[in-house]
Amino acid sequence: VPDPLMPSAALLPLCDSPGGGRFALHHEPGSVRPYSATLGVVPVRLGKHDTTATKWDEQKTTETSADGQEDPDTVTIRHTDT
Amino acid sequence: MARDTVLVLTGAKDPTADVVIEELARRGVPVARHDLGDFPTRMRFSAWHMGDGWAGRLSGPDATTDLQDVSAIYYRRPSNFRFPPELSAGDRVYAQEEARIGVGGVLAALDCRWVNHPHRVARAEWKPLQIEIARTCGLPTPRTLISDDSQEAIEFAERLGGPVVCKSLSSVVLAEEGQHKVVYTRRVDPTTISPRDFGATVHLIQEWVPKRREARVTVVGGQVLAVAIDSDSDAGRVDWRSDYDSLRYTSTDAPPEIADGMRRYLACTGLSFGAFDFVITPDGEWIMLECNPAGQWLWLHHIAGLAIPAALADTLTGAAA
C-alpha cells in the first residue's frame, strides 16, 4: 500500500483482504492484459520537474494462490503523481 | 498550552515540504516534521482519550510532538510504516492494519486544519466522482465512457463523431520487463482495440478536446494560482506529462466562473488544496480534465513564480480563513 494511512485500494467496495486489496503485478505480462496497460511507456526524463517526492519505490510482497498454495514473491512498484 | 504547531507528515527527503516549512518558519510558526515510516522502529506513538478529545505524542528520532499542540497537519508524502524484519508476512499485514487504524485513526480524529485530510484525498482521487462533482460545480468536463466492452467504445466514438483518448483511471505504475511504465493519455482508435484486452478490466475513454493550450491551476484555501502550459511537441500536446522538455509556462488567470467552480469543487470534497488540469479550447473554453488532491506544484513555484508556499502557509495557519 503506497499510503500508510489511506491506501486507495482500501476504498474498494467488497474488499476482503486486510490492507485494502491484493495486487497481482507481474514483471512479465500475460497473453491477455488490460488494454490501457498496453499503452504504458517508460516515462521521459523529468529533469527539473523531478523532485524527490514525486516518486518512490516500494517493495511489495505478492502472493498467488491458484491451487491453494501461496507463492510469495516481491516486485518493485514505483509510485508517481503529477 | 500553545496549540499552534503545524505538523508536517512527509518523507525524509521532500523539497516541496521544505519550502513550506521555510515559509512557516519565516512567519515564526512552530513546525514539527515526522515521517510515519519511522513507526514503529524509530518512532513511538501513544494517545489517550479521557473524555475530552484525543491527546498524546509522537516521538520520532529528531523530535517529540504533543498532539494537543497541533493546530494543523500538512499531509504530504509520508512513507509507509516500517516494521521489524523479524515479523512474518502475515503478522506484518496485521501490524500494518493495526497501525493504519490506530495511528492513522487518532491523527484523522484530531480537530485541526488539514492540507489535505487523507480520507478526503482518497475519495477525491476517484475520477468518476471527480467528473460528477465537476458537473455539479459548473465545471465542464469531456464526455466520458467507462466500460470493459470494446463495442461500447466503438459506438461511443461514433456518437461523438471525433477522436477519443484512453487514459488510466488510477496512478499505478507498471513494473514489467525490468522497467517502470506509466500510462499517459493517448489518442486511440477503438476499432483497433483487442476486445479481450479491453475486456480485462474497465477503461476510461474520453472525447479528444481540441486545445489551444492547457492550464494547471493550483487552488489553495480559496486562492487560485493558474499557469498556462504550451507544448512544442505532438506528445506534449496530447499529454503534457509525456514531454516536460517541450513545455513553456505562463502565469495566467482562470475565468471567474471557472475559479468559482474550483472553489465550489474543493468545498464539495472537503479539500483545501487541489491541482486542477484544464484544456483551453481554441474558443477559449476551459474544460476540466481532473483534480489531483495531492498534486505536485514545486516546479511551478520555481518556474512560474506561483506563490503556492505562501498560500499553503496561509491555509495551515488559518490566515486564509
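**Group meeting: chain A, then the core and helix H2 of chain B**

Let me begin with chain A, where, among contacts between residues at least 6 apart in sequence, 36% join residues at least 24 apart. I should say at once that this is a predicted model. Chain A has 1 helix and 2 strands, and read from the N terminus these elements follow the order α-β-β. Of the 82 residues in chain A, 34% are buried, while the chain exposes about 4,700 Å², with carbon and sulfur atoms supplying 52% of that area.

Turning now to chain B, which residues have the most contacts inside the largest nonpolar core? That core has 30 residues, and the ones in question are Val20(B), Tyr74(B), Tyr249(B), Trp297(B), Leu312(B) and Leu316(B). The elements of chain B that give two or more residues to this core are S1, H1, strand S6 (70–75), strand S15 (223–231), strand S16 (247–252), helix H9 (298–304) and helix H10 (308–317).

Tyr74(B) is worth following on the screen: leaving aside residues up to four places away in sequence, Tyr74(B) touches, among others, Leu7(B), Val8(B), Leu9(B), Val20(B), Trp297(B), Leu312(B) and Leu316(B).

Between strand S1 (5–9) and helix H1 (15–26) of chain B there is a loop, and Asp14(B) lies in that loop. Is Asp14(B) buried or exposed? With a relative accessible area of 1%, Asp14(B) counts as buried, because that value is under 20%. The side chain of Asp14(B) is joined to that of Arg76(B) by a polar contact of 2.9 Å.

Next, helix H2 of chain B, which covers residues 89–109. H2 has 21 residues and reaches 29 Å from its first C-alpha to its last, close to the 30 Å expected at 1.5 Å a residue. Its buried residues include Ala95(B), Ala99(B), Val103(B) and Leu107(B), but also Gln96(B), Glu97(B) and Arg100(B). As for their partners, the buried residues of H2 pack against S1, strand S3 (44–49), strand S4 (54–59), S6, strand S7 (113–115) and helix H3 (118–124) of chain B, and S1 and S6 are also among the elements that contribute to the core.

Finally, the cysteines. How many disulfides does a search of the whole structure find? The search finds 0 over all chains. Cys268(B), for one, is in no disulfide, and the nearest cysteine sulfur, that of Cys137(B), is 3.7 Å away. Cys268(B) is partly exposed, at a relative accessible area of 46%, whereas Cys112(B), at 16% relative accessibility, counts as buried.

Key: Residues are numbered from 1 along each chain as its sequence is written. Chains are lettered from A and ligands numbered from 1 in the order in which they are written. This is a predicted model: local features need pLDDT of at least 70, side-chain atom pairs count only at pLDDT 80 or more; totals for chains, interfaces and linings use all residues. Side-chain values use heavy atoms; hydrogens and water are left out. Helices (H or I, at least four residues) and strands (E, at least two) are DSSP runs, numbered from the N terminus. Buried means under 20% relative accessible area, exposed over 50%, partly exposed in between (1.4 Å probe, protein chains only). A polar contact is a pair of N or O atoms within 3.5 Å; within protein, one must be able to donate a hydrogen and the other to accept it, and residues adjacent in sequence count only if both atoms are side-chain atoms. A nonpolar core is a set of buried Ala, Val, Leu, Ile, Met, Phe, Trp, Tyr and Cys residues joined through side-chain atoms within 4.5 Å. Contact means heavy atoms within 4.5 Å. Accessible areas come from the Shrake-Rupley method with a 1.4 Å probe; for residues, only the protein chains shown count as cover. A disulfide is a pair of cysteine sulfur atoms within 2.5 Å. The expected span of a helix is 1.5 Å times one less than its number of residues.
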